[in-house]
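Colleague: I would like to learn how to read the surroundings of a bound ligand. Could you take me through them step by step?

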Amino acid sequence: MKQYPEWIQEFDGNLWLTENDRDNLKISYRLKEVVFSEQSPIQHVMIVDSHDFGRMLILDGVVQTTALDGHIYNEMITHVPISLHPNPKKVLIIGGGDCGAAREAAKYEELEQIDMVEIDELVVQACKEHLQEVSGNLSDPRVNFLFTDGLKFVAGKENEYDVIIVDSSDPVGPAEQLFSYDFYANIQKALKEDGIMVCQSQSPLFHQDVLGQTQRHIADLFRHSATYKAVVPTYPGGLWSFTIGSKVHPITPENVEVRPLNTKYFNQDILTSCFSLPEFMK
Ligand code: SPD
């Protein structure tokens with residue numbers, strides 16, 4: 001076997017990826033092959049081909065998205081905030097190196113500009129080449145790729161974007177600061193007067209601290225805020241949360257008419273039902 005990082009191991013002639021989520025939870029996937037494996041200046045970037053989930057993006061040993069279920073997360077982090085904005089023109093995506101969120105945003109003809117700020121260019125290169133089930137090999141001229149730190153990018157920006165999507169990895173290492181109050185305060189300033197933002201706010205089962213803190217930050221900074229949910233099978237616990245903040249527009253999904261946009265998961269029923277939360281999440 002080639003020399004791979006410790007999260008790839010061989011058992012009985014089969015190759016396995018094991019995500020080491022915590023001492024008591026390790027999740028393993030049987031692989032067909034490792035397609036791409038390189039260290040960037042930021043993190044280890046890997047694309048594997050798995051038996052059950054197809055190709056998967058792995059950053060520092062953690063599953064980020066897969067060919068089988070990546071559309072659920074990417075559609076939910078993109079279509080919910082854009083649908084809730086009555087007149088979106090300019091969208092900023094922070095993170096989202098697999099290009100799935102930008103690909104979904106590009107389905108809205110009314111958008112004039114989609115800025116995608118990703119700290120690690122290697123993630124975008126790897127996904128465009130080896131994970132086209134998610135990236136779609138995105139080449140829409142409205143999408144501007146900016147390879148820089150999202151924290152620095154938003155600091156000092158004022159009144160620029162209609163919608164900002166924070167599509168981050170877990171709050172460790174490069175993404176940790178993307179969960180901080182100061183960062184959300186800068187996002188608030190970077191939005192236009194009636195802007196809407198969303199961030200992924202982790203597992204409601206395993207990361208109640210992160211979800212609770214994110215809800216408090218967003219509620220403090222925005223007139224309207226809400227959390228919604230989706231099930232993403234390859235994220236630990238399955239159930240995943242997103243938290244949205246809106247400066248002016250009330251978060252009233254029941255008043256939005258969802259247009260057919262060639263989605264596989266998102267639709268009118270999902271937009272309204274995703275805001276119905278189980279008791280423990282309220
Ligand atoms: N445990 C992994 C959670 C990752 C959430 N964000 C993924 C970003 C993919 N664009």
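Modeller: Let us begin with the shell, bearing in mind that this is a predicted model. Strand 6 (residues 62-66) gives the largest share of the shell around the ligand, namely three residues.

Colleague: Which residues are around the ligand?

Modeller: They are V62, V63, Q64, Y73, D98, D167, S168, D170, Q200, Y235, P236 and W240. Sorted by class, the shell holds six nonpolar, three polar and three charged residues, and both domain 1 (8-64) and domain 2 (70-273) supply at least three residues to it.

Colleague: Which polar side-chain atoms lie within 3.5 Å of a nitrogen atom of the ligand?

Modeller: A polar contact is counted for N or O atoms within 3.5 Å. An N or O atom in the side chain of D98 is 2.5 Å from a ligand nitrogen, while polar side-chain atoms of D170 and Y73 lie 3.0 Å and 3.2 Å from a nitrogen atom of the ligand, respectively. Of the 340 Å² of accessible area that the ligand has on its own, the protein covers 97%.

Colleague: What is the space taken by the ligand?

Modeller: That space is the largest cavity.

Terms used. Residues numbered from 1 in each chain as written. Predicted model: local features only at pLDDT ≥ 70, side-chain atom pairs only at ≥ 80, totals over all residues. Heavy atoms only, no water. Near = heavy atom within 4 Å. Polar contact = N/O pair within 3.5 Å; in protein donor to acceptor, adjacent residues only side chain to side chain. Areas by Shrake-Rupley, 256 points an atom, 1.4 Å probe, with all protein chains shown as cover. 1 Å grid on protein atoms, 1.4 Å probe; cavity = no way out; pocket = protein on both sides within 12 Å on 5 of 7 lines; lining within 4 Å. Sits in = over half its atoms within 2 Å of the grid points. Helix = DSSP H or I, 4+ residues; strand = E, 2+ residues; numbered from the N terminus. Nonpolar A, V, L, I, M, F, W, Y, C, P; charged D, E, K, R; others polar. Domains from an automatic or database assignment.
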